[in-house]
Amino acid sequence: MHYDFRRIEPKWQQYWEANHTFAATEEGPGRKLYVLDMYPYPSGSGLHVGHPEGYTATDIYTRYKRMTGFNVLHPMGWDAFGLPAERYAMKTGIHPKITTAENIATFRRQIKMLGLSYDWSREVDTTDPRYYRWTQWIFLRLYNSWFDDSAGKARPIDQLPIPAGLDARAKDRYLASRRLAYLEDMPVNWCQGLGTVLANEEVEEWTGKGYTVERRLMRQWMLRITKYAQRLSDDLQDLDWPAGILEMQRNWIGRSEGAEIEFPLKARDGSIRVFTTRPDTLFGATYIVLAPEHPLVASLTTPDQASAIRAYVESTSRKSDLDRTALEKTKSGVFTGGYAVNPANAATIPVWIADYVLPAYGTGAIMAVPGHDQRDNEFALRYQLPVVRVVSGAEDGAGAFAGEGTAMNSSGPEVSIDGLPTIEAAAKISAWVESKGIGKSTVRYKLRDWLFSRQRYWGEPFPLAYREDGSVVALDDSDLPVQLPDIASFQPTGSGESALATAADWLTIDHPVHGRLRRETHTMPQWAGSCWYYLRYLDPRNDAEFVSREKERYWMPVDLYIGGAEHAVLHLLYARFWHKVLFDLGHLSTPEPFARLINQGTILGEDGQKMSKSRGNVVNPDDIVAEYGADSLRLFEMFMGPLVDTKPWSTRGVEGVHRFLNRVWRMIVGPDGALHPAVKEGACPPARERLLHQTIRKVTEDVDALAFNTAISQLMIFVNEFLTAEEKPRYAMEAFVLLLSPFAPHVAEELWAVLGHSGSLAREPWPAFDESKTKDETIELVVQINGKVRSKFLAAPDSPEETIRERALADPGVAAHLDGKEIVRVVVVKNRLVSIVVK
């Protein structure tokens with residue numbers, strides 16, 4: 001008899017929903033456990049079978065933890081603002097809120113179809129004004145804060161000491177220069193076709209669709225995340241995250257110790273300030289490279305070079321930062337016609353521009369040392385610029401030597417570092433430039449301030465407005481939420497403003513204090529809502545505060561966070577930044593949001609490639625559930641391999657797991673649909689009792705370790721042994737059903753009912769094992785001689801080492817290989833093998 005999943009699964013899903021089985025409260029029993037999924041962007045295409053992998057993993061873990069006595073919070077919501085919905089609105093005229101609501105409904109239906117044990121009473125949607133009201137509120141906290149370097153933390157802006165004698169406008173400018181949220185003219189990725197700025201990580205996607213992106217200087221809202229660079233780096237050491245993710249975060253922050261050094265301009269006033277991590281190579285600087293956007297480019301360019309410089313600057317504007325800094329790209333640049341002077345040796349050196357130097361890193365200018373930097377070396381060889389070796393290790397002249405060594409060719413009229421090791425040489429040069437007043441030791445970060453503006457309609461409006469003179473007015477908390485207006489056309493204005501600029505009734509406001517104001521028409525990026533959603537889950541219906549202090553103190557931090565590695569840097573970094581600001585201001589009790597992080601692997605199509613519509617290899621979970629049931633889909637996705645591995649989909653594999661669930665059903669349910677007659681009261685024979693306790697131990701340990709595939713393998717071993725048994729003790733069957741329930745909850749609930757229980761098993765106690773009953777009566781030991789297996793024998797577990805040694809040496813198969821040889825040593829590995837070394 002096959003189990004009827006089409007009847008069973010809707011039945012239990014309706015039961016869980018009607019009885020609020022998975023609702024969490026702060027008054028729940030046991031220690032708290034907050035398990036979080038990276039919430040999805042609800043697209044029109046719905047889920048594919050790769051999406052539920054992480055959700056199923058957290059579901060198994062949370063179901064297990066509830067049964068072991070934890071008070072579990074496991075919520076779900078929607079990251080629903082973003083460019084795709086807006087683009088669809090531009091094409092169809094259908095409001096994004098309509099398509100977003102439809103997409104959310106599809107995702108919600110599919111997720112509920114999988115039997116995932118979310119607390120749906122805590123569902124959030126970033127496009128709901130009740131949600132983004134608090135996103136705007138958090139932005140105002142950023143706007144109205146500054147970073148106190150002496151205290152190493154954010155403080156309210158009204159605590160910022162202001163220099164005496166400033167008039168009102170000067171005071172506003174001073175405050176603006178210190179706020180954590182500020183306006184700045186920034187080079188951005190402007191896409192005219194989309195009418196918006198794109199983040200660096202969005203450029204490749206949209207250029208691949210045929211759009212043109214160029215670099216353009218635009219006034220943008222920025223967040224001063226760089227003030228938190230050191231804390232964001234230092235605090236990684238306290239997190240239980242994958243080593244690779246920690247390294248990616250550190251690399252993105254990019255802490256560099258070095259020196260800033262002034263290179264005087266030749267035959268004119270002024271200088272170029274460079275940042276270098278290797279001040280010990282100053283004598284090897286044979287030219288300077290400026291970013292094409294550097295403010296000195298125009299004044300340094302000679303008339304005969306003006307045309308070439310203009311063309312190069314224009315071509316650079318069409319490249320992304322990623323394109324410009326790719327290591328494999330051919331280096332290119334243009335000579336400005338201007339010169340500077342190396343302060344160490346008074347040598348005249350040319351000044352070039354090149355796109356591999358970015359305006360936002362360091363000072364936007366580098367001293368090029370082609371003897372000891374590979375990029376500079378490639379550039380110098382292409383343009384026949386001098387290469388001078390100043391560190392021992394590359395005297396043969398082949399390529400650049402970037403390692404440490406001893407300074408050479410590094411003596412000038414005022415300073416010499418010849419013969420000094422790299423660290424001492426760098427310290428001496430840094431001290432020298434400081435004493436001369438032409439530089440200083442400093443720490444720089446690759447991390448740039450966060451560009452926070454988007455020229456889009458479908459995003460959170462800023463709670464800001466402008467006076468006629470252009471000065472900024474932050475709205476009051478009582479003015480929130482600033483809601484998106486309904487508009488007829490979603491097309492961008494073409495002027496750099498979003499479609500919000502066309503909403504005349506919304507655009508201007510009469511403020512009781514500041515008079516006539518014009519609202520900000522930029523919106524926040526999609527990252528904004530996802531920076532803090534984990535906090536709103538704690539208190540989603542609270543209209544008085546973004547989260548109550550009591551609930552935040554109870555649930556935070558997130559104990560386990562599972563999601564894709566594609567968010568390894570930006571989402572996690574941005575969320576940590578917002579969290580630290582709110583912590584500094586006293587709104588949160590923990591300095592970090594996510595204590596433990598796991599990245600699930602990718603499920604590929606059956607062709608071994610990433611699932612995509614264009615490849616035609618997308619597998620819809622609706623189809624799999626319709627044919628095999630949700631439990632089969634869940635079980636197969638966890639059985640495919642380790643959670644963190646990349647794995648190809650296999651529909652035949654789902655069939656195999658479905659057959660296993662039918663065997664489970666037949667183990668407990670008889671042909672008439674009632675309890676199988678072999679399920680009786682009584683005890684298991686010793687061998688099966690041992691298997692039961694081994695299974696409980698194995699599944700328990702594996703679920704704790706998120707090793708779901710090996711736990712399922714053990715459940716299969718159990719079924720193989722008990723399926724045809726003439727007697728199946730009820731307590732063994734009940735224990736098995738409880739072990740199975742996190743993986744295949746629908747069939748487990750039904751089997752629990754068949755076994756005579758009422759209600760749900762979701763909070764039944766997890767089975768316990770007796771360690772003494774997990775041990776085999778005998779175990780097989782292998783005997784190796786010089787690494788080759790020569791015999792095997794059975795022995796009692798944990799036998800004394802001397803007993804095992806004597807049995808191994810007396811074994812006839814071993815003795816034959818020892819004849820005439822000298823035994824050098826015998827090593828007994830407890831309960832595994834005996835290794836004999838002879839000569």
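In this predicted model, the crossing of helix 3 and helix 4 is right-handed. Helix 3 covers residues 83-92 and helix 4 covers residues 96-113, and the two pack with their axes 9 Å apart at an angle of about 125°. Helix 3 is therefore oblique to helix 4.

These two helices belong to a chain whose secondary structure comes to 28 helices and 31 strands. The C-alpha trace spans about 100 × 85 × 50 Å along its principal axes. Of the 839 residues in the chain, 55% count as buried.

Turning to the sheets, one open sheet has four strands in the order 13-14-12-15, and its pairing is mixed. Strand 13 and strand 15 (365-368) are the edge strands, each of them pairing on one side only. Within this sheet, neighbouring strands are turned by 30° against each other on average, with direction ignored. Although strand 13 (residues 333-341) is an edge strand, strand 13 is mostly covered, with eight of its nine residues buried. Strand 13 runs antiparallel to strand 14 (residues 348-354), and six bridges join the two. One of the residues of this pairing is Gly-333, whose bridge partner in strand 14 is Ala-354. Six residues lie between the strands in the hairpin of strand 13 and strand 14, where Ala-346 takes a positive phi near 65°. Towards the other edge, strand 12 and strand 15 pair over four bridges in the antiparallel sense. Here Leu-290 stands opposite Ala-365 in strand 15.

A second open sheet of four strands follows the order 29-28-31-30, again with mixed pairing. The edges are formed by strand 29 (788-795) and strand 30 (823-829); each has a single partner strand, so one side of each is left without a neighbour in the sheet. The average turn between neighbouring strands of this sheet is 15°, direction ignored. Strand 28 (residues 779-785) and strand 31 (residues 833-838) run parallel and are joined by four bridges. In this pairing, Ile-785 has Ile-836 of strand 31 as its bridge partner.

Aromatic contacts come next. A pair of aromatic rings is described by the distance of the centres and the angle of the planes. Counting rings whose centres lie within 6.5 Å, the model holds 48 aromatic pairs. In one of them, the ring centres of Tyr-287 and Phe-379 are 5.6 Å apart and the planes are at 20°, so the pair is stacked. This contact links distant parts of the chain, as Tyr-287 is in strand 12 (residues 287-290) and Phe-379 is in helix 13 (residues 374-383), 92 residues apart. Strand 12 thus brings an aromatic residue from the sheet with the order 13-14-12-15 to a helix. Tyr-287 counts as buried at 0% relative accessibility, and Phe-379 is likewise buried, with a relative accessible area of 0%.

Phe-718 and Phe-736 offer another example: their ring centres are 4.9 Å apart with the planes at 15°, so this pair is stacked as well. Because Phe-718 lies in helix 24 (residues 708-722) and Phe-736 in helix 25 (residues 730-740), the pair ties together parts that are 18 residues apart in sequence. Phe-718 counts as buried at 1% relative accessibility, while Phe-736 is buried with a relative accessible area of 0%.

Ring pairs also build up a cluster, which includes Phe-139, Tyr-143, Phe-147, Trp-221 and Tyr-228, together with Trp-450, Phe-452, Phe-462, Trp-527, Tyr-574, Phe-577 and Trp-578. Charged side chains meet aromatic rings too. The charged end of Arg-141 sits over the ring of Trp-137, at 4.3 Å from its centre. Likewise, Lys-209 lies over the face of Trp-206, 4.1 Å from the ring centre.

Finally, Ser-441 is found in strand 16 (residues 439-445). With a relative accessible area of 42%, Ser-441 is partly exposed. The C-alpha atoms of Ser-441 and Phe-263 are separated by 15 Å, while the two residues are 178 residues apart along the chain.

Notes. Residues are numbered from 1 along each chain as its sequence is written. This is a predicted model: local features need pLDDT of at least 70, side-chain atom pairs count only at pLDDT 80 or more; totals for chains, interfaces and linings use all residues. Side-chain values use heavy atoms; hydrogens and water are left out. Rings of Phe, Tyr and Trp (its six-membered ring) pair if their centres lie within 6.5 Å; planes under 30 degrees apart count as stacked, over 60 as edge-to-face and the rest as tilted. Buried means under 20% relative accessible area, exposed over 50%, partly exposed in between (1.4 Å probe, protein chains only). A charge sits over a ring if NZ of Lys or CZ of Arg is within 6 Å of the ring centre and within 35 degrees of the ring normal. Two strands pair if DSSP finds at least two bridges between them. Axes are lines fitted to C-alpha atoms, for helices over the stretch in contact, and angles run from 0 to 180 degrees between N-to-C directions. Angles under 35 degrees count as roughly parallel, over 145 as roughly antiparallel, 65 to 115 as roughly perpendicular and the rest as oblique. A crossing is left-handed if the near helix is turned anticlockwise from the far one by less than a right angle, and right-handed if clockwise.
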